[in-house]
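Visitor: Please pick one part of this model and go through it closely, with enough of the surroundings to place it. Keep it to what the coordinates support.

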Amino acid sequence: MAAPKRLTQHDIAKLAGVSQATVSLVLNGAPAALARIPQETRERVQHVIRTTGYVADPIARRMAKGLNRILGVFTYEPAFPSAQADFFTPFLLGIEEEAQIQNYDLLLLTGAGVGQDRKIFADGNRLRIADGCLVLGREFDREELTRLVGGDYPFVAIGRREDAGGPVPYVGGDYANGTRALVEKARALGHSKLAYIGPPGPAESTADRWSGFYGALGDGLELVLHVETVGHAAEEILDALLGCGATVAFFVELADAVRVEAAARERGLSIPGDFSAVVLGSHIRAERSHVQFTAFDIPREEMGRQATAMLVRRIESGEPGSRILLTCEPVEGETLGPAKRRT
């Protein structure tokens, strides 16, 4: 199978309805030469360049297969501030390690959009400097994802993504089965009244956790409390847990579990002595809490490695990519114990 077609100046000229020489002048011409091209023509060519993401690349023409041997990495949230470091750092470590093995350099794409409002496709887009791109983020822009799927530019998403005009190639964690396994473990310890602290969506990773949890209910398991917001007041969550008779609480976010455990301690309660707590995913900076929560491991580095390897295969052989979910192994922790019988 042939490698995905890279746009050329000839392609841009055809789309704009002008000659290739005109495209070359718009891209590289001196002001005096550009002045000879009608403004409407210049704007038409520039519009096609912006909407296709084309970047002139003289280096690529001199290299085998027309490749720069550069992989782009795009994140919808800033990758390095401390608030996001826990989420992104392990992915980036896996990406870097595999890129070195594959003999590719990395280009972190940060210039399209500002702050939290990042866009893959934007004015000044430099996407095609790279031969392909890895895309990360808690939530993706659906319109951009559809455009990527429908285009000729190789990409791989890190994290499961729903179809967007076609299958999205991705490497993700199997959060649904990881969550289900923890629910079954709670069942084996005698828990029957469960609480869930966190939303049911809309991000795929969040929806998968809810799907695994909700699908495991029944056969003696009952959801007696669902707090659908993140960052809800810890005291109010604790009051609700004690009031509804839940013997185990499943937390989507570690921060919520840490705050509720601290609130319980202040009242002389203990976890898992008075009620159990489970966090649906591993977190990098466990030292933020003195408690090791029962959880499942998210294989972030391996997700980064496998996604990078898949992207290279897409670039070099033109394969369509696949959809891979990696197992999330349970983490024993110390916060899930036998159900306490309420009197």
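Guide: A residue counts as buried here when its relative accessible area is under 20%, with a 1.4 Å probe. By that cut-off, 49% of the 343 residues of the protein chain are buried. The model is a predicted one. The chain exposes about 16,100 Å², and carbon and sulfur atoms supply 53% of that area. Its secondary structure comes to 11 helices and 14 strands. Of the contacts between residues at least 6 apart in sequence, 72% join residues at least 24 apart.

The part chosen is helix α10, taken with the sheet it lies across. Helix α10 covers residues 254-266, which makes 13 residues. At 1.5 Å a residue the expected span is 18 Å, and the end C-alpha atoms are 19 Å apart, so the two values agree. Just after the helix, Gly268 has a positive phi of about 80°.

The sheet in question is open and has 4 strands, in the order β9-β8-β10-β11, with parallel pairing. The edge positions belong to β9 (222-227) and β11, each of which has a single partner strand, so one side of each has no neighbour in the sheet. From one strand to the next the twist averages 20°. Between β10 and β11 the parallel pairing runs over 4 bridges, and Ala249 has Ala277 of β11 as its bridge partner.

Helix α10 lies across β8, β10 and β11, at about 145° to β10. Helix α9 lies across β8, β9 and β10, at about 165° to β9. The buried residues of α10 are Leu254, Asp256, Ala257, Val260, Glu261, Ala263 and Ala264. Their cover includes three strands, β8 (193-197), β10 (248-251) and β11 (276-279), and also the helix α9 (234-244). The list of buried positions in α10 thus includes the acidic residues Asp256 and Glu261.

Another buried acidic residue is found in helix α8. Glu204 belongs to α8, residues 204-215, and its relative accessible area of 10% is under the cut-off, so it is buried. Its side chain makes a polar contact of 3.1 Å with the side chain of Arg161. Leaving aside residues up to four places away in sequence, Glu204 touches Arg142, Arg160, Arg161 and Glu162.

For a second sheet to set beside the one under α10, there is an open sheet of 6 strands in the order β2-β1-β5-β6-β7-β13, with parallel pairing. Here β2 (105-109) and β13 (323-326) are the edge strands; each has a single partner, so one side of each is without a neighbour in the sheet. The twist in this sheet averages 20° from one strand to the next.

Inside it, β1 (residues 70-75) is joined to β2 by 5 parallel bridges. Val73 has Leu108 as its partner in β2, while Phe74 has Leu109. With strand β5 (residues 132-136), β1 also pairs in the parallel sense over 5 bridges, and Gly72 stands opposite Cys133.

In a regular strand, side chains alternate between the two faces of the sheet. For β1, one face carries Ile70, Gly72 and Phe74 and the other Leu71, Val73 and Thr75, and both faces are covered. Since 6 of the 6 residues are buried, β1 is largely enclosed by the rest of the structure.

Methods:
Residues numbered from 1 in each chain as written. Predicted model: local features only at pLDDT ≥ 70, side-chain atom pairs only at ≥ 80, totals over all residues. Heavy atoms only, no water. Helix = DSSP H or I, 4+ residues; strand = E, 2+ residues; numbered from the N terminus. Expected span 1.5 Å × (residues − 1). Buried < 20%, exposed > 50% of the residue type's maximum accessible area, 1.4 Å probe, protein only. Contact = heavy atoms within 4.5 Å. Areas by Shrake-Rupley, 256 points an atom, 1.4 Å probe, with all protein chains shown as cover. Pairing = 2+ DSSP bridges. Axes fitted to C-alpha atoms, helices over the stretch in contact; angles between N-to-C directions. Polar contact = N/O pair within 3.5 Å; in protein donor to acceptor, adjacent residues only side chain to side chain.
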